[in-house]
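Please work through the exercises below with the sequence and the coordinates open beside you. Each task is followed by a solution that proceeds step by step.

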Amino acid sequence: MLALFIFQVFIGAFTAHYTIEGQSFYGINVSQYFPYALTRTWHVQSAVLWIATAFLAAGLFLAPVIHRSDPKYQKLGVNILFWALIVVVAGSFIGNYLALSHALPAKLSFWLGHQGYEYLDLGRVWQIGLFVGLLLWLVLMLRGMVPALRAKGGDKSLLALLTIATIAIGLFYGTGLFYGERTNITIMEYWRWWVVHLWVEGIFEVFATSAIAFIFATMGLVSRRVATAASLASASLFMVGGVPGTFHHMYFSGTTTPIMAVGAAFSALEVVPLIVLGYEAFEHWSLRERTPWMRAVKWPLMCFIAVAFWNMLGAGVFGFMINTPVALFYLQGLNTTAVHAHAALFGVYGFLALGFTLLVLRYIRPDIRFNDRLMATGFWGLNAGLVLMIFTSLLPVGLFQFQASVTTGMWYARSDTFLQQGFLETLRWVRTFGDVVFMVGAIAIAWQVVILGLWRKGARV
């Protein structure tokens, strides 16, 4: 997961530099080997894959906690899943490269190379492989959850919600298989957004809320009643508003204005429960000095609190900024969309994935002591880098594009004539500062986990 994370961060900075020099990287013409279309594909795909991997790992970590022991042959299943993910990741990345370099026959490109649809760029064979892996993960999870649900006594409400979210994650990715190579783009876009919105923005939201609630309740940070209520609210908002919430993505498929308005409203409401849970956890976190054991999980909890903040700002404020029908008319596909994508995907799911990673590390290496200086550099570097990236570059460029889109047209706001103006190039150069801070934070987290944690070279209790 961390290997994919570091790769995604560096390939993202590499891709961002293409928006300044076009075909070069600091004067070196590398586009003939790694063109913008390829590096951008890898950047987006690796983001989805490392976050999804962390979620799968967190689920497998929780399974024996729920069941009180690992079911028989669970280790074998986990190992098979691990190597299956390695094959899918390597195969999809190599396929992307071969397809965009025209090394693959055109008739094989859709199946082994590049489907051409953002977030579902991987070839159909690798997409099917990933779905099969998710089904295997679902089986491994249910082997731990079902016996716990059948056990007598205790409140099973929170566990039931977590089980439902787990089933949904395993199954809903399959909606990305409901279109083919020659399907009309309107139909294709509908099913693609089922994956991007319902699977990533909706079901992941419910799973995130339920998983964090289960962890917080188990650790005694929040009451089981509050945890269950927050999870239930999230699940309810998703089930009631998840499908309508998808409709704000349907602008270019001809969706009418009233349907767009309903979609924007429900989409914005989906972020509420996790913010409430994060606030509750923060109140309990203020008592951290009273219990020595809480200091050992300081940084995982800091990541979970960051999730609540970025959920409010990145998913809520920046998402609603571009969601409404009139906003979509002028803002869809400009840098304002990238603002929402970076703040929501990394700010919410990225920090959640890192929090899960640090929590799992805390338990599989119970004797390690996190290096507070290194972790502070990592945590605050990622937050500060994301803030700088957004407010010094992405958002200002997006607002200038918005003005151009309103006064002249979206075609002009997206054109090279507009984007290659000197002051906009300067703003994209300024982004380098935020990218560097972000990369330093990413390296610090990876160093703590891999070098000082897994390789047992760091301080021990």
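The exercises that follow concern a predicted model, and they go from the whole chain to a helix pair and then to single residues.

**Exercise 1. The chain as a whole**

Determine whether the radius of gyration of the protein chain agrees with that of a compact globule, and describe its secondary structure, burial and contacts.

Solution. Begin with the secondary structure, which for the protein chain comes to 18 helices and 2 strands. Next, take the extent of the C-alpha trace, which spans about 65 × 45 × 45 Å along its principal axes. For 461 residues a compact globule would have a radius of gyration near 23 Å, and because the protein chain has 22 Å, the value agrees with that expectation. Then turn to burial: of the 461 residues, 55% count as buried. Finally, consider the contacts with a sequence separation of 6 or more, of which 76% are accounted for by residues 24 or more positions apart.

**Exercise 2. The packing of H2 and H5**

Classify the arrangement of helix H2 (residues 36-67) and helix H5 (residues 124-150), and characterise the residues that form their contact.

Solution. Two packed helices are described by the angle between their axes and the distance between those axes. In this pair, the axes of H2 and H5 come within 8 Å and cross at roughly 20°. Since angles under 35 degrees count as roughly parallel, H2 is therefore roughly parallel to H5. The handedness completes the geometry, the crossing of H2 and H5 being left-handed. On the H2 side the contact is made by residues including Leu-49, Phe-55, Gly-59 and His-67, while H5 contributes, among others, Leu-130, Trp-137, Arg-143 and Pro-147. Sorted by character, the residues of this contact divide into 14 nonpolar, 3 polar and 1 charged.

**Exercise 3. Two single residues**

Decide whether His-17 is buried or exposed, do likewise for Val-222, and place each of these residues in its surroundings.

Solution. Start with His-17, whose place is in helix H1 (residues 2-21). Its relative accessible area is 5%, and because buried means under 20%, His-17 is buried. Once its neighbours within four places in sequence are left aside, His-17 is in contact with Ser-24, Phe-25, Tyr-26 and Trp-429. Val-222, by contrast in setting, is found in the loop between helix H7 (185-219) and helix H8 (224-246). At 3% relative accessibility, Val-222 counts as buried. As a last step, relate Val-222 to Gly-59: they are 163 residues apart in sequence and 20 Å apart in space, C-alpha to C-alpha.

How values were computed. Residues are numbered from 1 along each chain as its sequence is written. This is a predicted model: local features need pLDDT of at least 70, side-chain atom pairs count only at pLDDT 80 or more; totals for chains, interfaces and linings use all residues. Side-chain values use heavy atoms; hydrogens and water are left out. Axes are lines fitted to C-alpha atoms, for helices over the stretch in contact, and angles run from 0 to 180 degrees between N-to-C directions. Helices (H or I, at least four residues) and strands (E, at least two) are DSSP runs, numbered from the N terminus. Angles under 35 degrees count as roughly parallel, over 145 as roughly antiparallel, 65 to 115 as roughly perpendicular and the rest as oblique. A crossing is left-handed if the near helix is turned anticlockwise from the far one by less than a right angle, and right-handed if clockwise. Contact means heavy atoms within 4.5 Å. Ala, Val, Leu, Ile, Met, Phe, Trp, Tyr, Cys and Pro count as nonpolar, Asp, Glu, Lys and Arg as charged, and the others, Gly among them, as polar. Buried means under 20% relative accessible area, exposed over 50%, partly exposed in between (1.4 Å probe, protein chains only). The radius of gyration is taken over C-alpha atoms; the globule rule is 2.2 Å times the number of residues to the power 0.38.
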